[in-house]
Amino acid sequence: MTASNAHPTATPVDLVVIGLGPGGETLASRAASAGLSVVAVDEHLVGGECPYYGCIPTKMMLRAAETLAESRRASQLSASGELAADWSRLATRVAEEATDRWSDKVAVERLEQAGARVIHGRGRVTAADEVEIERPDGQRERYRADRGIVLNPGTRPAAPPIDGLAQTPYWTNRDAVQAVESPHSLIIIGGGASAVEFAQAFARFSTRVTVVEAGERLISHDEPEASDVLQSALEADGIVVVTGGQVVRVDNNDGSFWLSLRDADVPLHAERLLVAAGRIPNLDGIGLSTLGMTSDSIDVGDDLRIAERIWLIGDAAGRGAFTHTSMHHSDIVARQLLDLDGPRSATPTVPHVTFTDPEVASVGLTEKSARDAGIAVAMGKANLGSRGFTHGPGAENGFVKVVADTDRQILVGATAVGPFAGEVLGMLTLAVHAQLPIATLESMIYAYPTFHRAISSALSELSSTGS
C-alpha cells in the first residue's frame with residue numbers, strides 16, 4: 001500500500017469546514033478567531049463562486065452596462081450623443097479589481113491570519129466525527145472534529161439533457177465573467193436571475209442576445225407582473241426573448257452554435273452559447289453515505305444540522321441559494337458552536353434581488369404562493385409615483401406590490417421593481433420578517449419624493465381591497 005493510499009491517523013481538531021464559499025469562509029474565520037482549532041478545506045478557490053464568478057464580477061458587468069444605458073438615455077434628459085462601449089476596460093476591471101485574476105491568495109492569507117489551517121483539496125466525511133482530505137497530488141490526511149463538521153459544498157452549473165450539448169464548447173457563468181471581448185451574438189439557455197443579468201449586460205455592449213426559457217415566463221419565482229416588466233425592458237435593449245422554448249439539440253459548426261427548438265422550423269444560431277439553466281448542489285462525494293444519507297433523503301433541520309455534530313449550510317442546504325443566506329447560516333451555526341446568544345434557527349424570510357435595469361426585488365410569498373398556502377390574501381400595488389416620474393427613463397413601469405394575510409393583518413410578501421429596488425426591499429423585508437402590523441406601516445410618514453414612498457401607496461390600495 002502506497003503512502004498516498006494509506007489511511008492516516010486522524011489528527012484531533014475542534015472544527016472542520018468543507019467548502020469555503022462566503023458562509024464557510026466566514027464561519028471558519030470566526031471560529032478560529034475565537035480560539036478553536038479549525039481546518040478549512042476547499043477544492044477550488046477560497047471565497048467560493050460569489051467573488052470570482054458570481055455576485056461581484058457580474059455586478060461590475062451590470063454597472064458598466066448601466067452607464068452605457070444611461071448615456072443613451074441622456075438625449076431624453078440633458079444631453080446629446082452617447083459613450084462608445086469598450087468591453088476591454090470592463091474585462092480588465094473584473095480580472096484585476098474583482099478577482100485578482102482568479103487568485104485566492106489574499107483570501108487564504110486572511111483565513112490563516114485568523115488562525116485557521118487552509119487546505120486546498122477534496123474533503124469528505126468518513127465517520128460522524130471524522131473527515132478525510134485528498135490533496136490534488138493524491139496525498140490524504142484525516143482529521144477528527146471534536147466540536148463538529150460544517151459542510152458548505154455549494155453548487156455547480158446544471159447542464160440540461162439536450163442532445164449534442166455536452167459535445168460543444170458552451171459557456172457557463174464562469175466562462176462568461178472571464179470573457180475578454182463581447183461576442184457578436186449570444187444565445188442564453190435559461191430565464192432565471194443569472195440568465196437575464198448576463199443577457200442585459202452583454203446586450204448593452206452591442207452583443208445580439210437571444211434568451212431561450214423553457215417555462216412560460218422569465219424569473220418564474222417572482223410575481224408575474226415583475227416578469228412582464230423585465231421582459232419588456234430586455235426587449236427594449238434589443239434582446240429576443242423566447243419563452244416556452246424547448247431546445248432539443250445543440251450543434252457547433254464553423255464557429256457557431258445552432259439550436260433546434262421543438263415546434264420551430266428554423267434553428268437559432270449565434271457565436272456563443274451560455275447555459276444558465278439552474279445549478280446542482282455539490283452533495284456527491286462529500287460522504288453522505290457514511291451518515292446513511294443520500295442527496296435526496298438528506299434532512300436539514302431549522303438549526304441546519306443533518307446529524308448531531310454536522311451542519312449543512314449555504315446553497316446546498318436548500319433554503320435559498322444566495323450569498324446573504326449562506327452568511328445568515330454561518331451566524332446560526334457559529335452561535336451553536338461558540339455558545340453565543342442570539343437565534344439558533346434559520347429564518348424563512350429570504351429576500352432576493354435580480355440586478356437588471358430595472359431591478360426586481362422580492363421577499364416572502366408571492367400572491368399565488370400565499371393563496372396556495374391557504375392564506376386569506378389581499379394584494380396592493382402602486383407605481384413609483386412622483387419619484388418614478390422625475391427619474392424618467394428606466395422607471396416608467398416600476399411598481400411596488402404587497403401581499404397581506406388579512407386574518408393576521410401583516411404582510412407575508414412584497415415585490416419592488418424599478419431603480420434601486422433592492423434598497424427599497426430593505427423596509428419590506430423588515431416588515432415581513434418582523435410581522436409588523438399593517439396599521440403600523442400605514443401610520444408611518446414616507447419621505448417625498450422617494451421610490452420607497454410607493455410602499456405607502458401600495459398599502460393604500462391594499463386597504464381598498466379589504467385587508
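Okay, so strand β1, residues 11-18, and strand β6, residues 140-151, pair in the parallel sense, with seven bridges between them. This is a predicted model, by the way, so keep that in mind throughout. If you want one pair of residues to click on, take Thr11, whose bridge partner in β6 is Tyr143.

Stay with β6 for a moment. Strand β5, residues 130-134, also pairs with β6, this time antiparallel, over five bridges. There, Ile133 stands opposite Glu141 of β6. The two strands form a hairpin with five residues between them, and in that hairpin Gly138 has a positive phi, near 95 degrees.

And what does β6 do with β17? Strand β17, residues 310-312, runs parallel to β6, and three bridges join the two. Ile149 has Ile310 as its bridge partner in β17. As a reminder, strands of a sheet pair through backbone hydrogen bonds, and that can be parallel or antiparallel.

Next, the open sheets. One of them has four strands in the order β10-β9-β8-β14, with parallel pairing. Which strands stand at the edges here? That's β10, 240-243, and β14, 272-275; each has a single partner strand, so each has one side without a neighbour in the sheet. Going from one strand to the next, the twist averages 15 degrees. Zooming in, strand β9, residues 208-213, pairs with β10 in the parallel sense over four bridges, and Val211 stands opposite Val241 of β10.

Another open sheet has five strands, ordered β18-β19-β22-β21-β20, and the pairing there is antiparallel. Its edges are β18, 352-354, and β20, 377-383; again each has a single partner strand, so one side of each is left without a neighbour in the sheet. In this sheet the twist averages 10 degrees from one strand to the next. At the β18 end, strand β19, residues 359-364, runs antiparallel to β18, and three bridges join them. Thr354 stands opposite Val360 in β19.

Now, some strands of that sheet come back when we talk about cavities. How many cavities of 30 Å³ or more does the structure hold? Just one. The largest cavity has a volume of about 40 Å³. So who lines the largest cavity? You'll find Leu384, Phe399, Val400, Ala416, Val417, Gly418, Pro419, Ala421, Val424 and Phe451 there. If you sort that lining by element, β21 (399-405), β22 (410-418) and α12 (421-433) each supply at least two residues. The largest share comes from β22, with three residues. And for anyone thinking about the chemistry of the lining: nine residues are nonpolar, one is polar, and none are charged.

Last stop, a helix pair. Helix α3, residues 55-77, and helix α7, residues 193-203, have axes that come within 8 Å of each other and cross at roughly 40 degrees. Are they parallel or oblique? With that angle, α3 and α7 are therefore oblique to each other. And the handedness: α3 passes α7 in a left-handed crossing.

To wrap up, if you only open two views after this, I'd suggest these. One is β6 with its partners, where β1 pairs with β6 in the parallel sense and β5 pairs with β6 in the antiparallel sense. The other is the cavity lining, where β22 gives the largest share. That's it from me, happy to take questions.

Key. Residues are numbered from 1 along each chain as its sequence is written. This is a predicted model: local features need pLDDT of at least 70, side-chain atom pairs count only at pLDDT 80 or more; totals for chains, interfaces and linings use all residues. Side-chain values use heavy atoms; hydrogens and water are left out. Two strands pair if DSSP finds at least two bridges between them. On a 1 Å grid over the protein atoms alone, a cavity is a set of points where a 1.4 Å probe fits but cannot get out, and a pocket is an open set with protein on both sides within 12 Å along at least five of seven lines; lining residues have an atom within 4 Å of a point. Grid points are joined across faces, edges and corners, and a volume is the space filled by probe spheres set on the points. Ala, Val, Leu, Ile, Met, Phe, Trp, Tyr, Cys and Pro count as nonpolar, Asp, Glu, Lys and Arg as charged, and the others, Gly among them, as polar. Axes are lines fitted to C-alpha atoms, for helices over the stretch in contact, and angles run from 0 to 180 degrees between N-to-C directions. Angles under 35 degrees count as roughly parallel, over 145 as roughly antiparallel, 65 to 115 as roughly perpendicular and the rest as oblique. A crossing is left-handed if the near helix is turned anticlockwise from the far one by less than a right angle, and right-handed if clockwise.
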